[in-house]
Structure formats: C-alpha cells, structure tokens
Amino acid sequence: MQWTADDAPGLEEAPGHWLRPGVIAWPPGHLPPGEAPASLDWRLHWSAQDHIDPTASEPVPWRTASLRFDPAGLPADVVARFPHLHAHLALRLSDEAAASAAEAVRCQVAVSAHRPSGRLLDAGQLQLAGVIDELYASAADADLGATWHLGTPTLRLWAPTARQVALLLWPVGASLHDAPERRRMVPADDGTWAVTGEAGWRGARYRYEVTVYTPHHRRVVANQVTDPYSVSLTVNSTHSVLVDPADPALAPAQWASAVPPRLEHPVDQVVYELHLRDFSISDASVPAGLRGTYLAPTVDSAGMAHLRRLADAGLNTVQLLPLFDNATVEEHPERRIAPPWEHLKQLPPDSPEQQRSVNAAGGRSGFNWGYDPWHYFAPEGSYSSTLDAAEGAARVSEFRAMVGAFHAAGLRVVLDQVFNHTASAGQDSKSVLDRIVPGYYHRLDAVGAVETSTCCPNVATENLMAQKLMVDACVHWVRHYRVDGFRFDLMGHHSRANMLAVRAALDALTPEADGVDGRAVTMYGEGWNFGEVADNARFVQATQGQLGGTGIATFSDRLRDAVRGGSVWDADPRGQGFGTGLLSADNGTGVNGDERLQGERLAWYTDLVQLGLAGTLRSVRFGSNSRHADVSGEDLDFGGRPAGYADEPGEAISYVDAHDNETLFDALTLKLHPATPMAARVRLNTVCLALATLGQSPVMWHAGTDILRSKSLDRNSYNSGDWFNYLDFTMTDNGFAAGLPPERDNARAWHVLAPLLADPRLKPSPDDIRRAHAQALDLLRLRASTRLFRLGSAARVRAKVSFPASNSWHQLPGVVAMAVDDRTDPVDERWSGLLLVVNATPWLVRQVLPMDLAGFRLHPVQRSGADEMVRGAEAGTDWVTVPERTAAVFVRPR
C-alpha cells in the first residue's frame, strides 16, 4: 500500500501493536509485496493534537522516534503473550524513545515506513493495550470505584490515557438538571485518578468527566461517563450513586440470617435456570406491585411454593439470568408499554398478530434476557419494586432480600455473568469503558476495529485491567450479596487464566474477613469454541476439555443433542434423537432419513447418552454401539472433536434445554409425529429429563421444563416479551399456542410451526402439566436418594459404572442400561448396586443384560411415586422389562 499526502486519512486503521515500551509489532502483509523491511526507514509518531501526516518531511510539529527492524522477530515471551502476532515484524525503540511511552499513549500514535528516498510505503495507527498493561501493571492492585472509611468515600478511576479527570457531583437533594459540583481528581503513577469526599456524599449522584484522545474518532474529547464500578445508579443509568454496601440499613434481616445449602461436592448441583421477571410477572398470587421484581420471592406465592416443592425433592440451586445493570430494558415503569393481553388471548393460536404487538413495544416492554452489560457491579433497576427503589441504594437492599428469600427456601443463588461483551463501544452513549480508556477494553481485529463475534463488542479480558474488572465484579457479588456461584456466558471467549484468576480471588474470601467462604462458590459456563479466539488463537481458552483440574465446569452439548436430536443450528428443527422418537417413532417428515440412516444415528446417539450418564469423561470406557468396539470417551467423535472431554464428572453439566433455543416441550412438539398422544409426550418429557438428571454430572433444568413450559415454539425469546416467555406456576397453561413466535428469529420455520400451533391436540391440559411435574419431582428424589448417581470422581465412575448391554447382541435400539456396582469400596450404605434402564421406544421392552440381577427391585421412590406405569417394571435373573417411554431405576439392597 502506497501513500500520498491526500491518503493521510488511512491512519483511521490501526494494524500495528505497541506491546512493550521498546517493542512494536507490525503485520508484514501490510507492506507492498517484495519490500524488504530491513531496508526501510521505520518511524514512530505521536501527537497530542491529531495532526500526524506520515507523508510529511522532517522537521514536523509532533514527536517522532526511529524504529529499528529486528530480524530475530518478536521475543519469545511476547509471542507467548500474543500468539496471534507470532508472524509480525518486530520493531525496536531506543531506550530514550521507550521512556516516552507513558506520554505517547495519551496521544495519537502511528508508525510509518519509508524507502531511503523518503517515499512513504506504509502507515497506520497502533493498538496500545499491550504497552498500557506494561506501563500500568501496578493498577491491578488498586481499589477502584468508591471505597469507604469511617463513612467517607474515596473515588478512584483507572484512566491511564486521560489528559484530565474531574468528578461531577450532584449532592443529595440537588436536581440532576442543576449544574454539578466539580472536583479535581489527582493522578497516580498506576494510571488511576482519585478524590476523597465527605461523609455528606452518601447518596449523592456523580459522573466522571474524562478528557482523552480517542483513536477511532481521531480527536480529543471530554466524556461524561458513569463509574464502571458503580454500586448503584439512577433510573436508566444516567448517573452513578454513592452507596456504601456495608451500610446496616441495606441488610435485610432474612438475607443476614438465612444460610444456603452447602454442597458436599460439585456434582451435587441441581440447577433451575430462571429469569427473574418470568418468575412472577404473571403470578396473580404475588401483590401487583411486586410482580417481576426482586421482592417477588420474598412473599408466599405460587412460584415460591413451586420452588419449595422442587427444593424438598432435591433441587438446590437457582441460576438467575443476568441481573447486573443492562442497557436495554426501560427502567421507568411509566414509560413501559404493555401489549393488550386480553386482545391477544382472543387471537388464533397460529396468528402472526401476537408477535407484531409484542415487537411494537420495542425496548419499552420491560422484558429482556439482559445479556447486554452496561454496569457490572450494580443491580438492574428495572427489577426494583418502585421508581424510588430504582433511584439508588434501595435496589441493593432489594437484591439482597431476593437472595435471602431463595436461601431461606433451601436454594443456592447462581448469577449469570456476561464479561465477554458490552452493549456498546466507542462514543456511544451507553459505552462506558471505551469512553474512559479508548481502544483498551475491547478486543480489536487486524486493523483495530472492535470484534463482535459474540454478537456485540467483545471484551478483551486477556488485557490486565479487563480481567481485573471481571475478577473484582465476581468478588463484589459474593462479598456484598452472598451469592453462591456464577454461570459465565460464552466462557470460551475468556482465557483459562481469566477463570483461574476469578477462582483464586474467590477462594481467598473467608467467613472471618468477608462473611463468606469463597471456596464454596461454584463456577461453570458455556465452553463453546468460536470467533477470533477459536482454537486458542489468542490464549488458552476456557473451553470444553481445557479446564481439567480447575473445578470449573462447562455445559455439555453432547448429551443435549443426542437426547433432543439434530443440532440447535439445524435449518429444519424436526430432526429426532434418542429421546424424541428416532427410529422407533418416525415423525414422517423425511428429515431423519431412511431406516438404515436412523439406526446408525441412533447407535451414535446411544453412545453419547451413555457417555453423558458417565460424566462425559474422556477416560471412561464402554462398548460403542456405533463403532462396534470398546472405546474411551475421547475416542468417540462429536463434530470432529472428542465427545468425552471432562477429566472429572463435575466438569460437565448435563441438560436438555435452556433459555437458548426451544424449550424441551417445544422440541418434542417439533420432533414427534403430530399424532403422538399427549400422554406419550408427557412421558417423553420425563424420559428426556431423566437422561440429564440420573447421570454422574451436575444437572441443569430450564425453569418450567418440569411443567411442560412452552414459548410457542420460539427458538430465541431474548426480547419476546412476557407474552412468549409466559411461566405459569399454577400449572393451568403451559404457554403453547400463543401465536406464531417473533418473525425476527423464526420466520424461516413459520410454515412448519403454524400447523403445530393450530393443532388443539398439542396443547396440554392442567392434568397433563401436573402429571409432568409430579414425575419430574420423582426424578429429583431419585437423584437425591443415593450417591450412586453422584459418585463424584472419575476413578469411581470408571470402577463402578458400566453399560452391560452396549455393543452386544442384547442391546435394543432406543434403550440404555447403566449399572453402578457398589459392592466394593462402597459409597451407599443401603444399596450395593443400582441399575438405570431408559426405554425411549413406544413399546414395552424386555432387555437382556449379561449380569446377575438377583436381588434387584424397583427403587422405593418409583414404587410409591407419581407414575403408575413404571411400577410395572420388573427385574429377572438376567433381564428387565420396562414399559414404553419410561426411565426405571432398580436397586439391590445390601
């Protein structure tokens, strides 16, 4: 690429990287072909006023320094830190020039390459995150945000590239329309700016004014921003609010006293994934003013009664979709738009009008999943019970009241965290981090543009202070709210080192110093591998198979896909799986192929189900129905990757539905033949849940999966309003047939969905819903009844778990049998053996097993449980009979 004076705007790209004060990396492909970098004159430019013209001849009115091309390349430790730059050219600065790095990063910074004649060949701006981390590493130990001493706050902001920072303060009682008080903040060598206030500042509103050069816009700006470490905010997050979390007035009595259940082992987790607004917004037993708020769990209601039933049966954790401050939901209750529910109820079940009405509300519906982070340390204001509560400290106490209510109900609280992206970047009004340290907090591509593979501006948590924000936020929620765990959204976009840093910080929390035992806090997340970081391109990712020994788990898509069938990415959602009728009850759509193909796929799915029941361990061995050989978990294939990836059973979480994609009931609706009776659908709902619940891994259920919850076949209900996210704990209406789901993500399948929604046979009755719930409770009781479903270590699983019929002539298609032999090194005092047999076919089966079944009998929970049909299951000397679409558990008393 060749430049002339008229081409100077090309500096809008930033292809180079300043990695250390003395080291710059430049992409070789940015030079014209055939140019030898050693023969060029390389120069570094920095200007406080944005007037660098790389075509200009010396002398120039900005600072410059010569760069030396280093043929040895980048230092090995630099390449280890930035592996995606391994092929970049290495440019070296003199010690004198390197000493100016702290000054330069506050400026426009560029590199140019010239021929000896002076002709410009290449130029561009630099990405600065690497050198900023080198210069200001000590800031990792700083206390950011507001800290309190004897009732007086000190505010500290990390803004190393800022020219000036001021605090803008609106005292208690002042109108936000008034001019603020202005306080100068003092810079420190670690890049922070601080000011100490007065005791009277408690409850005051504030912003920072940061004067800083922004490379993307190529100008110096004075940005008024909220505090990224805000503990609370005003309505719609216009201003930060000074709140002391240690204020006794913000500590509800139940929160202070209630003790959550403590897990003996991570595999004991049984999680209910719940959206807080869904939980109560449609619950008439909750006072109207509390529906959809933090305070809804604090009152007796149908929803809390439902959770207590689940907890009594064995559920021990609620996982709450994001509750930090998000950038989407309208927080002012009077500005929200509610769709006309009574009118929508009169519309046909396959009408597009319901979704049009919901979409018309836009961002003012009051509903969103919340995966659009704005402030990571503050509770979301839209869940506050009143407008006044959303205006500051009260949202802190209400959040704590919610946590206390769940703890009192016997439930741990896990928060869904989204550190992989922010809602906005650049100079957008809802961008915070990028308006304080432009270009630092977000992951940039090869020319300096923000990466968006997550959907939104990706956060570069590989950068020191972005990791610090992630760690500090997790510690904040545990220390100040006593939450019990974290689910990390798109965790594969973080590094293993990020997750270990969070783990170490949590482990350091003690009851004596912090009021909590951080070692008891659980961590898990989405270990998907994609985007610009895929395959460890920039760091060792926190993905499936790369977290062994950390105690951090990932969701397993292996069991999920095998049970449901197909993939969440399929264009046609009707592909069947082990739990949805593959081979034994073809749905007639043709999407599953002929009988031979279905048989082959079912054999592979059966292997994946067995692997999931055995903890998705890489080291477990069993006979493969698809490979016709004895294999280990990592020998099995899953989309070109090893199917078994966990070192320990606690490192993979089993589930069959979640907030993403269709609910389990909706998946069954899509995949089963429309003529399948509702009674059979209820049974298969239980079968699918059994395959997730009765294995060796931690378990997650999507809220309502036990009561046949439907989202009217919506595959992505993140912004589909209360109408499509309906959750009815009275077990009267499961939400099916509420109209065609939103066109945004479902239009391509409307021709498939409409006939199903219009079919009255596919709408369950209250009796069907109650039957499903009762059978689901029995699954929880089964899991809780014995540690044989929760052995807790790979060694025990390998020693005790087997699949006796697998890869033998005994194996029946659509049937899985898992045996747990506890005769030696026992873990259960009552039973010396356990046998789980799952029959997903529409007929009774007699499964022969090459093992001695003397003494085995149906588990007491099922003998006296809700399902009459399972009571017909029987164990003989070397065979079992199991009714159609049934999961049966047999135990052998000692």
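Select N625 to begin: leaving out residues up to four places away in sequence, N625 touches A603, T606, D607, Q610, S806, N807 and Q811. Bear in mind as you look around that this is a predicted model.

**Stop 1: N625 and its partners**

Colour the loop between β26 (621-624) and β27 (629-632), and you will find N625 in it. Is N625 buried or exposed? Its relative accessible area is 10%, so N625 is buried. Now show the side chains of N625 and S806, which are joined by a polar contact of 3.0 Å. Next, bring up the backbone of N807: the side chain of N625 reaches the backbone nitrogen of that residue at 2.9 Å.

**Stop 2: H493 in its loop**

Move on to the loop that runs between β23 (485-488) and α13 (496-507), where H493 has its place. H493 counts as buried because its relative accessibility is 1%, below the 20% cut-off for that word. Which side chain makes a polar contact with the side chain of H493? Select S453 and you have the partner, at 2.9 Å. To see the wider surroundings, display the residues in contact with H493, leaving aside neighbours within four places in sequence: N420, R443, S453, T454, N458, T461, F530, G531, E532, V533 and F539.

**Stop 3: two helices that cross**

Now show α10 (residues 394-408) and α12 (residues 464-481) as cartoons. The axes of these helices come within 11 Å and cross at roughly 75 degrees. That angle makes α10 roughly perpendicular to α12, since angles of 65 to 115 degrees count that way. Which residues make the contact? On the α10 side, select V396, F399, R400 and V403; on the α12 side, select W477, H480 and Y481. Colour them by type and you will see five nonpolar residues, one polar and one charged.

**Stop 4: the buried face of α9**

Select helix α9, residues 353-360, and highlight its buried residues, Q354, Q355 and V358. Then turn the view to look down the axis of α9: the buried residues fall within an arc of 90 degrees, so they line one face of the helix. What covers these buried residues? Add α8 (341-345), α19 (721-724), α20 (743-746) and α21 (750-757), which are among the elements covering them. Before leaving, step just past the end of α9 to G362, which takes a positive phi of about 55 degrees.

**Stop 5: two positive phi angles outside glycine**

Select S237, in the loop between β16 (232-233) and β17 (240-241). Although S237 is not a glycine, it has a positive phi of about 60 degrees. With a relative accessibility of 3%, S237 counts as buried.

Then jump to D535, which is found in the loop between β24 (522-525) and β25 (552-555). D535 is not a glycine either, yet its phi is positive, at about 55 degrees. Is D535 buried or exposed? Its relative accessible area is 62%, so D535 is exposed.

**Stop 6: a cis peptide bond**

For the last stop, zoom in on E58 and P59. What kind of peptide bond joins E58 and P59? The bond is cis, with omega at about -5 degrees. Widen the view again to place P59 in the loop between β3 (41-47) and β4 (63-70).

How values were computed. Residues are numbered from 1 along each chain as its sequence is written. This is a predicted model: local features need pLDDT of at least 70, side-chain atom pairs count only at pLDDT 80 or more; totals for chains, interfaces and linings use all residues. Side-chain values use heavy atoms; hydrogens and water are left out. Axes are lines fitted to C-alpha atoms, for helices over the stretch in contact, and angles run from 0 to 180 degrees between N-to-C directions. Helices (H or I, at least four residues) and strands (E, at least two) are DSSP runs, numbered from the N terminus. Angles under 35 degrees count as roughly parallel, over 145 as roughly antiparallel, 65 to 115 as roughly perpendicular and the rest as oblique. Contact means heavy atoms within 4.5 Å. Ala, Val, Leu, Ile, Met, Phe, Trp, Tyr, Cys and Pro count as nonpolar, Asp, Glu, Lys and Arg as charged, and the others, Gly among them, as polar. Buried means under 20% relative accessible area, exposed over 50%, partly exposed in between (1.4 Å probe, protein chains only). The arc is that of the directions from the helix axis to the C-beta atoms. A polar contact is a pair of N or O atoms within 3.5 Å; within protein, one must be able to donate a hydrogen and the other to accept it, and residues adjacent in sequence count only if both atoms are side-chain atoms.
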